[in-house]
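This report looks at how strands pair, how a core is assembled, and where a nonpolar surface lies. Please read it alongside the sequence and the structure displayed here.

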Amino acid sequence: MSNFNPQAMLKKKGNIVMIVIVLVSLWFAKDIHTKQVLRSEDMKRQIEAEKEKGAALDRIVVLNEKIKKAKEKSWDTIDTNSIIDKIYKVGIDSEVKIMNISPGGRTEEKNYTIISFGIDCGATYKQLIQFIKRLETYPMLIRIRSFSIAPAGDTRGQADPTLSGNIAVEAVYFK
């Protein structure tokens, strides 16, 4: 039979134990590595979610600033007489003869109110254009929905004929 060598056996036993220890260590290391990879991926997802929240917050801040600027241009009242007075003063400054400013109704929305007006006026072409420009650039929000002009009477031979105009405007009041 073969020779039994206890030293060789101990040497092989030490190698076997070493191999077992290495394998067990690798198994633990693999488990730890897997957990760390999962944790890393979870942290990456959380970072992306926070970036998206930050971007959304930035958009909200920008929109709030836009709303704030729009509210600065909003009318400070929904009193039609006060708005009519201010439109009338713009007409006087533009040398436009305003015959009538009539309220056309209100449209109530969640965040704003639109107040409609019809303006009947008479002026030269230049005065009428100046009046419309002043309305469009008025510090408070006025939208011109439509306007129409027609000659006022016989305009033959007149260098700067008088026109009659009808303008539909809307004043916007933010709540």
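## Strand pairing

How many bridges join S1 to S2, and do these strands run parallel or antiparallel? In this predicted model, S1 and S2 run antiparallel and are joined by ten bridges, and the connection from S1 to S2 is a hairpin that passes through three residues. Two of the pairings can be named individually: Pro103 stands opposite Phe117 in S2, while Arg106 stands opposite Ile115 in S2.

S2 also pairs with S4, again in the antiparallel sense, over 13 bridges, and within that pairing Ile114 stands opposite Val172 in S4. Eleven of the 13 residues of S2 are buried, so this strand is largely enclosed by the rest of the structure.

## The largest nonpolar core

The largest nonpolar core holds 22 residues, and those that touch the most other members are Ile87, Phe117, Ile119, Phe131, Leu135, Ile167 and Val169. Two or more residues come from each of helix H2 (80-93), strand S1 (97-108), strand S2 (112-124), helix H3 (125-136) and strand S4 (162-174), with S2 giving the most, namely five residues. In soluble globular proteins, nonpolar side chains tend to be buried together.

Ile119 illustrates how such a core member is surrounded: leaving aside residues up to four places away in sequence, Ile119 touches Ile87, Ile98, Asn100, Ile101, Phe131, Leu135, Gly165, Asn166, Ile167 and Val169. Among the residues in contact with Ile119 are Ile87, Phe131, Leu135, Ile167 and Val169, each of which is also listed with those touching the most other core members.

## Thr80 beside the strand pair

Thr80 has its place in helix H2. Thr80 counts as buried because its relative accessible area is 18%, which falls under the 20% cut-off for that class. Residues up to four places away in sequence being left out, Thr80 touches Pro103, Arg106, Ile115 and Phe117; these contacts bring together both partners of two opposed pairs, Pro103 with Phe117 and Arg106 with Ile115.

## A nonpolar surface patch

A nonpolar patch of about 620 Å² lies on the surface, made by Ile16, Val20, Val24, Trp27, Phe28 and Ile32. One of these residues, Ile16, is found in helix H1 (residues 6-73). Is Ile16 buried or exposed? Ile16 is exposed because its relative accessible area is 53%, a value over the 50% that the exposed class requires.

Terms used:
Residues numbered from 1 in each chain as written. Predicted model: local features only at pLDDT ≥ 70, side-chain atom pairs only at ≥ 80, totals over all residues. Heavy atoms only, no water. Patch = residues over 30% accessible without salt bridge, like charges linked within 9 Å, V, L, I, M, F, W, Y side chains within 5 Å. Areas by Shrake-Rupley, 256 points an atom, 1.4 Å probe, with all protein chains shown as cover. Salt bridge = Lys/Arg side-chain N within 4 Å of Asp/Glu carboxyl O. Helix = DSSP H or I, 4+ residues; strand = E, 2+ residues; numbered from the N terminus. Buried < 20%, exposed > 50% of the residue type's maximum accessible area, 1.4 Å probe, protein only. Core = buried A, V, L, I, M, F, W, Y, C linked by side-chain atoms within 4.5 Å. Contact = heavy atoms within 4.5 Å. Pairing = 2+ DSSP bridges.
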